[in-house]
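Please examine the sequence and the three-dimensional structure shown below. The paragraphs that follow lead through the structure step by step.

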Amino acid sequence: MSARDWSDLDFDKPGRQLSWIRIGHSITRSGYGVIPIPVAVFKNGEGPTVLVQAGCHGDEYEGQIAVSRLINQLDVSKVSGRIIAVSAANPPAVVAGARVSPIDEGNLNRLFPGDEFGTPTQRIAHFIHDAVLPMCDAVVDMHAGGTSMELMIYCAGGTSGDAALDRRMQGMLDAFNAPVSLTFKGMSGGGNLSQVAREMGIPSIAAELGGGGGVNVEATRVGEGGIYRVLDHLGVLPLDEKWRRPDATQPIRIAGNRAYTYVYDAGVFEHLHPLGAIVAAGEVAGYLHHPENPQRAPEPIRFEETGLLYCRRAIGRVQPGDCVAHLAVAA
Ligand SMILES: [Zn+2]
């Protein structure tokens, strides 16, 4: 790629390789330093190339565990095609256990297609977009709610307007077989990996596995098995029976991406509904309390749409502009 960002990986070489994409990062502490992104390549025989990525957001641990275990356990002789596995796509964020990079505040999943001459996080996005994605026939990106949000365990896809591409994406979503599958209508417009992959004609899904800043064990299992089920579906790796899961996914088509509930004052937010509840427009989502001034009555915060409560804030203390709930509104 650029003189500053490079890798010694030979993506066409058969066998198992573990090395790094190096993003040049010359700083006082390390004049010739790089940000090393760990990359595993498993290539054997003929077949499609699948990118399995986690650690785009550093505080979403379930996918990082699932991809790390895949890298440690995968037998390359069973592969038909190529698996590119990345367990920590934005290493400074992963090491910090933070959503964004402490180096530049970069949110990797908002910065695609990236910028070759930009900040370190923009350059990571650029490298993945320009050097890795063109090799890929499918993308599985692993996320979770992170520190601030907790999520139902689900896998998401988005429609592209290309019926054939959408069918391939839907096949991957069905194979992943998360408890809930959300299909968002149209592009989200947020500079994320799934979206830029779709724009390149590559079917792409994103798993969302728990969150709240911890490690959700059940979600980690769903994520790990989901990767294997998609690899089997794509013909890249035969499924070990232990990962087979009865078809259980609840498919929901999502009309839009606007059903957020916000608070516009500081305080402590008390949820009234559990994840998975069906809630109605106008219903009270919860109460905003002011323990620092109990003369103020708790303020009801209401949903503006009717839908499935699949995402809610995990942290009690809120500031103006914090999102406390997000609904899946059926199409
Ligand atoms: Zn994420």
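With which residue does Glu 292 form a salt bridge? The partner is Arg 317, and the closest N and O atoms of the two lie 2.9 Å apart. This value, like the others in this text, was computed from a predicted model. Glu 292 is found in the loop between β15 (284-289) and β16 (299-302), while Arg 317 belongs to strand β18 (residues 317-318). The pair thereby links distant parts of the chain, 25 residues apart. Arg 317 has a relative accessibility of 37% and counts as partly exposed, because that class lies between the limits of 20% and 50%.

The loop between β15 and β16 also holds His 290. Is this histidine buried or exposed? With a relative accessible area of 4%, His 290 is buried, because the limit for a buried residue is under 20%. Apart from its neighbours within four places in sequence, His 290 is in contact with Asp 265, Ala 266, Gly 267, Arg 296, Ala 297 and Glu 299.

Salt bridges occur elsewhere in the model as well, and their count comes to 10. One of them joins Arg 99 to Glu 60, with 3.2 Å between the closest N and O atoms. Arg 99 lies in the loop between α2 (91-96) and α3 (120-132), and Glu 60 in the loop between β4 and α1, so this salt bridge ties together parts that are 39 residues apart in sequence. The two partners can be compared by their accessibility. Arg 99 is partly exposed at 31% relative accessibility, whereas Glu 60, at 3%, is buried.

A further salt bridge forms where the side chains of Glu 150 and Arg 312 meet, at 2.7 Å from N to O. Here two strands are involved: Glu 150 is in β7 (residues 149-151) and Arg 312 in β17 (residues 307-313), and 162 residues separate the pair along the chain. Glu 150 has a relative accessible area of 24% and is partly exposed. Arg 312, with 18%, is buried, because its value is under the 20% limit.

The next topic is the nonpolar interior. In soluble globular proteins, nonpolar side chains tend to be buried together. In this model, the largest nonpolar core has 38 residues, and Ile 83, Met 142, Phe 176 and Ile 205 touch the most other members. Which elements each supply at least two residues of this core? They are the strands β3 (34-44), β4 (49-53), β5 (81-86), β6 (138-143) and β10 (204-208), together with the helices α1 (61-73), α4 (163-176) and α6 (217-233). The largest share, six residues, comes from α6.

Ile 83 offers a view of this core from a single residue. Leaving aside neighbours within four places in sequence, its contacts are Ala 40, Val 41, Phe 42, Val 50, Val 52, Leu 70, Leu 74, Leu 231 and Val 236. A second core, separate from the one just described, has 28 residues, including Ile 23, Leu 51, Ile 124 and Ile 202.

Ser 80 is placed in the loop between α1 and β5. At 29% relative accessibility, this serine counts as partly exposed. When residues up to four places away in sequence are not counted, Ser 80 touches Asn 44, Glu 46, Gly 47, Pro 48, Gly 235 and Val 236. Thr 49 is 31 residues from Ser 80 along the chain, and the C-alpha atoms of these two residues are separated by 9.1 Å.

The final topic is empty space. Rolling a probe the size of a water molecule over the atoms shows where such space is left. How many cavities of 30 Å³ or more does a search of the whole structure find? The search finds one. The largest cavity has a volume of about 50 Å³. Its lining consists of Phe 11, Ile 21, Ile 37, Val 39, Leu 51, Gln 53, Ile 84, Val 86, Ile 128 and Val 132. The elements β3, β4, β5 and α3 give two or more residues to this lining. By class, nine of the lining residues are nonpolar, one is polar and none is charged.

The second largest pocket contains about 230 Å³ of space. Gln 73, Leu 74, Asp 75, Lys 78, Tyr 228, Leu 237, Pro 238, Asp 240, Lys 242 and Trp 243 line this pocket. Its lining comprises five nonpolar residues, one polar residue and four charged residues.

Note on methods. Residues numbered from 1 in each chain as written. Predicted model: local features only at pLDDT ≥ 70, side-chain atom pairs only at ≥ 80, totals over all residues. Heavy atoms only, no water. Core = buried A, V, L, I, M, F, W, Y, C linked by side-chain atoms within 4.5 Å. Buried < 20%, exposed > 50% of the residue type's maximum accessible area, 1.4 Å probe, protein only. Helix = DSSP H or I, 4+ residues; strand = E, 2+ residues; numbered from the N terminus. Contact = heavy atoms within 4.5 Å. 1 Å grid on protein atoms, 1.4 Å probe; cavity = no way out; pocket = protein on both sides within 12 Å on 5 of 7 lines; lining within 4 Å. Points joined across faces, edges and corners; volume = space filled by probe spheres on them. Nonpolar A, V, L, I, M, F, W, Y, C, P; charged D, E, K, R; others polar. Salt bridge = Lys/Arg side-chain N within 4 Å of Asp/Glu carboxyl O.
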